[in-house]
Amino acid sequence: QLQLVESGGGLVQPGGSLTLSCAASGFSLDSYTIGWFRQAPGKVREGVSCISGSGVRTVYGDSVKGRFTIARDSAKNTVTLQMNSLNSEDTAVYYCAAGQGSDLYYYCSGFVLEDEYDHWGQGTQVTVSS
């Protein structure tokens, strides 16, 4: 059974850091582009970051650029999202998703489009509060 599981969420103070992890079972993440999304209460789900399956490209949403870093750990079959300088607007449920469409795979093109992804995790809560 193909499954994605996010972990690493929690409560953090403004200005703090967290690292989220997306782990796969039943398939290799190296064959997929991985996107991170988030959904805050009362808001639509938004694309946060993407790392291409080809490994050549990473993309970030404007709201997280310069603060978040996405990376692969092939040995552990995981993709991590390092989040720094967190603020209250980063509070959301964070999801990872895996897709193999060609433009998505090579360039992360259209990474914010949820239909581009075949597999989704259940989400992990991130709360930024003092």
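## Two bridges, some rings and two odd loops

Let's start with a torsion: about the S-S bond of C50 and C108 it is about -85 degrees, so this disulfide is left-handed. (A disulfide here is a pair of cysteine sulfur atoms within 2.5 Å.) C50 and C108 have their sulfur atoms 2.1 Å apart. This pair links distant parts of the chain, 58 residues apart: C50 is in strand β5 (residues 46-51), while C108 is in the loop between α1 (102-107) and β10 (119-120). Helices (H or I, at least four residues) and strands (E, at least two) are DSSP runs, numbered from the N terminus. Both ends of the bridge are tucked away, as C50 is buried and so is C108. Buried means under 20% relative accessible area, exposed over 50%, and partly exposed in between, with a 1.4 Å probe and protein chains only.

Before going on, a word about what you're looking at. This is a predicted model, where local features need pLDDT of at least 70, side-chain atom pairs count only at pLDDT 80 or more, and totals for chains, interfaces and linings use all residues. Residues are numbered from 1 along each chain as its sequence is written, and side-chain values use heavy atoms, with hydrogens and water left out.

Back to the cysteines: how many disulfides does the structure hold? There are two. C22 is joined to C96, with an S to S distance of 2.1 Å. The torsion about the S-S bond of C22 and C96 is about 70 degrees, so this disulfide is right-handed. C22 lies in strand β3 (residues 18-25) and C96 in strand β9 (residues 92-99), so the bridge ties together parts that are 74 residues apart in sequence. C22 and C96 are both buried. Number the bonded cysteines of the chain in sequence order and the pairing reads 1-3, 2-4.

Now for the aromatics. Rings of Phe, Tyr and Trp (its six-membered ring) pair if their centres lie within 6.5 Å; planes under 30 degrees apart count as stacked, over 60 as edge-to-face and the rest as tilted. By that rule you'll find six aromatic pairs. Take F27 and Y32: their ring centres are 5.0 Å apart and the planes sit at 70 degrees, so the pair is edge-to-face. F27 and Y32 are buried. Then there's Y106 with Y107, a tilted pair at 6.2 Å centre to centre and 50 degrees between the planes. Y106 is partly exposed, at 45% relative accessible area, and Y107 is partly exposed too, at 46%.

F37, Y117 and W120 form one aromatic cluster, and W120 brings us to an arginine. The charged end of R45 sits over the ring of W120, 4.2 Å from its centre. R45 also lies over the face of Y95, at 4.7 Å from the ring centre. The test for a charge over a ring is that NZ of Lys or CZ of Arg is within 6 Å of the ring centre and within 35 degrees of the ring normal.

Last stop, the backbone. Most residues other than glycine have a negative phi. N77 goes the other way, with a positive phi of about 55 degrees although it is not a glycine. Look for N77 in the loop between β7 (68-73) and β8 (78-83); at 17% relative accessibility, N77 counts as buried. S85 has a positive phi as well, near 50 degrees. S85 is in the loop between β8 and β9, and at 43% relative accessibility S85 counts as partly exposed.
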